[in-house]
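I opened my notebook to look through this structure one spot at a time. Here is what I looked up, in the order I went.

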Amino acid sequence: MHGGRVLSYGLLGLPLAFAALPVYVHVPHFYAETTGLSLAMLGAILLAARLLDAGIDPWLGWLADRVSRPRMVAIALLPFALGFVALLNPPGIAPALWLLASLALTYLGFSAASVAYQAWGTDVGTDSALRTRLTAAREGFGLLGVVLAAALPALLASDSSQGVARLVWVFLPLLLVAAAITFATHAAARPQPAAAQPLLPSLRRVFADQPFRRLLLVFVANGIAAALPATLFLFFVADILQQPQAGGPLLAVYFVAGALSLPLWVRLAAHFGRVAAWLGAMLLSILAFAGASLIGPGDLAGFAVICVASGLALGADLALPAAMAADLGERQGQAGACFGVWNFVAKLNLALAAGLSLPLLAMLGYQPGRGTGLAALSLAYALLPLAFKSLAGLLLWRWRHSLEIAS
């Protein structure tokens with residue numbers, strides 16, 4: 001498959017990720033600042049919404065094995081767009097209820113579109129090497145979308161919250177253009193026939209695959225390590241670094257580094273295998289988290305270096321494990337079910353990171369902008385992710401031989 005078709009498949013990842021960054025990173029800070037909701041209330045709402053969202057992913061994956069995947073993506077984009085617009089325009093009354101309802105609508109559309117889109121890639125890809133390229137293209141465009149979403153708020157308005165709200169102006173045209181190109185190029189891809197099994201037997205078949213179970217456990221530990229700093233990034237920049245205006249540019253640096261590293265990780269995976277390449281990325285990430293624990297007020301240059309290092313490692317986290325999961329899903333003949341479980345775990349990581357870390361920080365005395373509980377914030381941002389990333393690396397090393405089957 002020539003590069004243009006690979007890129008046209010990946011393009012839809014741009015608006016999906018463009019919206020995902022505000023949903024997962026900006027929303028806690030945005031609602032705390034604009035609506036006055038407490039951290040404990042925000043944590044409870046985010047945990048409830050994300051658990052509900054994650055819970056439907058296995059069913060969506062099962063569904064994606066039984067319907068037209070392009071059609072499922074197209075239908076899902078409507079509630080996704082409507083929910084996102086509502087999420088960034090909260091009313092003056094009942095902000096907690098509005099947040100919960102708009103998150104539910106956004107998550108429903110995003111989840112259905114993402115699961116079907118990932119499974120669609122197994123229809124387009126015909127071998128492991130091509131699936132790695134397709135995954136890298138999808139995640140590369142996704143990183144570009146994230147960079148845009150990170151950088152634009154400061155350009156759209158001098159007030160950060162108003163800039164976040166105005167992301168809607170850019171999101172809707174991006175979604176229309178990207179969807180039109182992707183559908184025009186790949187809508188005719190033929191899905192792999194799935195076994196005619198009910199939901200529960202289908203899920204049992206997914207978990208009966210030992211390499212997939214092991215890959216999933218590595219993904220859990222690695223995902224928690226990534227979800228904690230993602231949730232706390234803006235709080236860390238504002239209160240530890242004491243440079244709140246640098247949040248957007250630092251996020252852009254992080255994601256640009258991830259995007260630029262994708263071709264490197266694809267080459268390293270082709271030469272050394274995906275397991276070895278992913279292990280190398282985990283080691284780089286561990287060094288970055290260790291450095292973050294030493295950051296203090298004004299250490300902008302040092303933290304920028306950490307953002308570059310962790311961003312480089314991010315490229316491997318995005319491209320390699322998902323490509324391994326795609327191979328295992330294709331081997332089972334039910335890629336949708338595998339990605340339904342995969343996305344369930346990814347969202348569970350994010351739910352736990354927000355739902356547990358924010359109330360825990362509040363209990364330990366951290367209050368945004370007040371200068372209290374900063375040691376707890378530094379621990380949650382840097383040292384806890386370091387521990388989970390180390391666990392992921394140890395598990396991947398222990399199971400490296402059995403996971404080579406997916407490399």
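Where is the place of Leu364? I found Leu364 in the loop between α14 (335–363) and α15. Helices here are DSSP runs of H or I with at least four residues, strands are runs of E with at least two, and they are numbered from the N terminus.

Before going on, I noted that this is a predicted model, where local features need pLDDT of at least 70, side-chain atom pairs count only at pLDDT 80 or more, and totals for chains, interfaces and linings use all residues. Residues are numbered from 1 along each chain as its sequence is written, and side-chain values use heavy atoms, leaving out hydrogens and water.

**Entry: Leu364, continued**

I looked up how covered Leu364 is, and it is partly exposed, with a relative accessible area of 48%. My scale for this: buried means under 20% relative accessible area, exposed means over 50%, and partly exposed is in between (1.4 Å probe, protein chains only). Leu364 touches Gly373 and Ala376, leaving out residues up to four places away in sequence. Contact here means heavy atoms within 4.5 Å. The C-alpha atoms of Leu364 and Ala376 are separated by 6.6 Å, and the two residues are 12 apart along the chain.

**Entry: two loop residues with positive phi**

I checked backbone angles next. Most residues other than glycine have a negative phi. Ala94 has a phi near 50°, a positive value in a residue other than glycine. With a relative accessible area of 46%, Ala94 is partly exposed. Gln242 also caught my eye, with a positive phi near 60°. I found Gln242 in the loop between α10 (210–239) and α11 (247–272), and at 46% relative accessibility it counts as partly exposed.

**Entry: the nonpolar cores**

Which residues touch the most other members of the largest nonpolar core? I wrote down Leu99, Leu103, Phe233, Phe255 and Phe303, out of 102 residues in that core. Helix α2 (residues 13–34) gives the most to this core, with 13 residues. A nonpolar core is a set of buried Ala, Val, Leu, Ile, Met, Phe, Trp, Tyr and Cys residues joined through side-chain atoms within 4.5 Å. I also found a second, separate core of 34 residues, which includes Ala277, Ala337, Phe339 and Leu396.

I then zoomed in on Leu99. Apart from residues up to four places away in sequence, Leu99 touches Val27, Tyr31, Leu37, Leu42, Ile45 and Leu87.

**Entry: Cys307 and Thr135**

Cys307 is in helix α13 (residues 300–332) and counts as buried at 3% relative accessibility. Leaving aside neighbours within four places in sequence, Cys307 is in contact with Phe233, Leu250, Val253 and Tyr254. I also looked up Ile240: its C-alpha atom and that of Cys307 are separated by 15 Å, with their places 67 residues apart along the chain.

Thr135 is found in helix α6 (residues 128–156). Is Thr135 buried or exposed? Thr135 is buried, with a relative accessible area of 3%. Its contacts, not counting residues up to four places away in sequence, are Leu318, Ala319, Ala322 and Ala323.

**Entry: helix α9, side by side**

In helix α9 (residues 199–208), I marked Ser202, Leu203 and Val206 as buried. Seen down the axis of α9, the buried residues fall within an arc of 95°, so they line one face of the helix. The arc is that of the directions from the helix axis to the C-beta atoms. On the other side of α9, I marked Leu200, Arg204 and Ala208 as exposed.

**Entry: salt bridges**

How many salt bridges does the structure hold? I noted 2 salt bridges. The term means a side-chain nitrogen of Lys or Arg within 4 Å of a carboxyl oxygen of Asp or Glu. Side chains of opposite charge can pair when their charged atoms come close.

One salt bridge joins the side chains of Glu139 and Arg138 (3.6 Å, N to O). Glu139 is buried at 16% relative accessible area, and Arg138 is buried at 5%.

The side chains of Lys389 and Asp317 also meet in a salt bridge (3.2 Å, N to O). This pair links distant parts of the chain, with Lys389 in helix α15 (residues 374–398) and Asp317 in helix α13, 72 residues apart. Lys389 counts as buried at 2% relative accessibility, and Asp317 counts as buried at 16%.
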